[in-house]
Amino acid sequence: MGPSGCGKTTLLRVLGGLTAPSGGAVVADGRAVWSEGRADRQALTQLAMVFQEANLLPWFSVVDNIALPLRLRGVPRAERRAEAARLCELVGIAGFEDHRPHALSVGMRHRAALARALVESPRVLLLDEPFAALDAITRETMNLELERIWLARPCTAVLVTHAISEAVFLADRVVSLSARPARVLAITDVPFLRPRPLDLQHEQDFQGLVRGVRSYLTAAQGG
Ligand SMILES: Nc1ncnc2c1ncn2[C@@H]1O[C@H](COP(=O)(O)OP(=O)(O)O)[C@@H](O)[C@H]1O
Ligand SMILES: [Mg+2]
């Protein structure tokens with residue numbers, strides 16, 4: 001989390017091999033993601049990114065959208081469709097495999113985007129405000145769903161969000177960043193066991209952590 005414009009998207013793009021860093025290093029599993037301004041192809045296969053918009057190809061079916069990363073890697077059609085269908089089941093859009101994205105609700109399109117990110121079994125999942133465009137109820141549902149899906153397919157996830165309670169609800173650690181150029185102000189450990197019930201948000205311990213993170217972010221914004 002950090003003030004708007006502090007560089008969260010930029011940081012995720014650097015982590016994900018999309019924007020070359022002007023300094024520093026990104027190391028995943030002991031392997032440098034960047035060397036001499038170029039992203040390491042091998043390291044990139046370990047990373048997947050989910051954006052605020054689902055970014056599905058409108059002329060592809062849902063299952064073909066999800067299978068696209070496998071297609072680009074040359075995985076045979078039957079195999080990649082089978083894996084994409086398994087992910088449709090996991091993310092809760094089974095039955096919509098052959099629909100075009102426009103026939104899906106916004107929430108379902110985000111589920112499809114998540115399935116596409118998971119199809120290559122990444123070691124690291126980068127999520128840039130994935131639920132910011134959703135209404136409050138769909139967003140709560142997607143928080144629970146993200147945790148359920150993540151527990152079924154565990155990996156390291158880095159999530160950017162501007163909702164403090166969403167950060168505390170989902171994270172093991174909340175990193176609060178300063179205004180640009182972003183610096184780490186604080187790292188807050190979140191100890192609650194999983195799966196976490198929505199009711200957790202009403203508990204004192206939870207609200208205490210939310211207050212803590214809010215105080216760092218308020219300081220970051222100079223207010
Ligand atoms: N460390 C940095 N130094 C200089 N400019 C930066 C840095 N980080 C981000 N920026 C620039 O700041 C702007 C906002 O960054 P962005 O990553 O979109 O912020 P956020 O996602 O936190 O709102 C972009 O134009 C980006 O290029
Ligand atoms: Mg951003």
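**Reading the loops, helix α4 and strand β6**

Modeller: P195 sits in the loop between β9 and α8 (204-220), and I should say at once that this is a predicted model. The peptide bond joining R194 to this P195 is cis, with omega about -5 degrees.

Colleague: What is the omega of the bond from R180 to P181, and where does P181 lie?

Modeller: The bond from R180 to P181 is likewise given as cis, its omega being near -5 degrees, and P181 belongs to the loop between β8 (173-177) and β9 (184-189).

Colleague: Why is V27 called exposed?

Modeller: V27, which lies in strand β1 (residues 27-28), has 10 other C-beta atoms within 10 Å; since a residue counts as exposed at 12 or fewer, V27 is therefore exposed. V27 is also 84 residues from R111 in sequence and 29 Å from R111 in space, taken C-alpha to C-alpha.

Colleague: Why does N55 fall into another class, that of partly exposed residues?

Modeller: N55 has 13 C-beta neighbours inside 10 Å, and because the exposed class ends at 12 and the buried class begins at 20, N55 counts as partly exposed. It lies in the loop between β5 and α3, with a positive phi near 55 degrees although it is a residue other than glycine.

Colleague: What makes S121 exposed, and what is its phi?

Modeller: S121 has 11 other C-beta atoms within 10 Å, and as the limit for the exposed class is 12 or fewer, the label of exposed follows. Its phi is positive, about 45 degrees, though S121 is not a glycine, and its place is the loop between α5 and β6.

Colleague: How do you know that the length of helix α4 agrees with what its residue count predicts?

Modeller: The 15 residues of α4 (residues 77-91) should span 21 Å at 1.5 Å a residue, and the C-alpha atoms at its ends are 21 Å apart, so the two values agree. After α4 comes G92, with a positive phi near 85 degrees.

Colleague: Which residues of α4 are buried, and why are they placed on the same side?

Modeller: The buried residues of α4 are R80, E83, A84, L87, C88 and V91. They cover an arc of only 150 degrees around the axis, which puts them on the same side of α4. An α-helix has 3.6 residues a turn, so residues three or four places apart point the same way. On the other side of α4, A78 and E79 are exposed, while the cover over the buried residues includes α3 (62-72), α5 and α6 (136-152).

Colleague: Which residues have the most contacts inside the largest nonpolar core?

Modeller: They are I66, C88 and A115, in a core of 45 residues, to which helix α5 (residues 106-118) gives the most, namely six residues. Leaving aside residues up to four places away in sequence, I66 touches A84, L87, C88, A112, A115, R116 and V119.

Colleague: Why is strand β6 described as largely enclosed?

Modeller: Four of the five residues of β6 (residues 124-128) are buried, so the rest of the structure largely encloses it. Four bridges join β6 to strand β5 (residues 47-50) in parallel, with L47 partnered by V124, and five bridges pair β6 with strand β7 (residues 156-160), also in the parallel sense, with L127 partnered by L159. From β6 the chain passes through α6 to β7 in a right-handed β-α-β crossover.

How values were computed. Residues numbered from 1 in each chain as written. Chains lettered and ligands numbered in written order. Predicted model: local features only at pLDDT ≥ 70, side-chain atom pairs only at ≥ 80, totals over all residues. Core = buried A, V, L, I, M, F, W, Y, C linked by C-beta atoms within 7 Å. Helix = DSSP H or I, 4+ residues; strand = E, 2+ residues; numbered from the N terminus. Contact = placed C-beta atoms within 7 Å. Expected span 1.5 Å × (residues − 1). Arc of directions from axis to C-beta. Pairing = 2+ DSSP bridges. Right-handed = clockwise from strand over helix to strand, strands pointing away.
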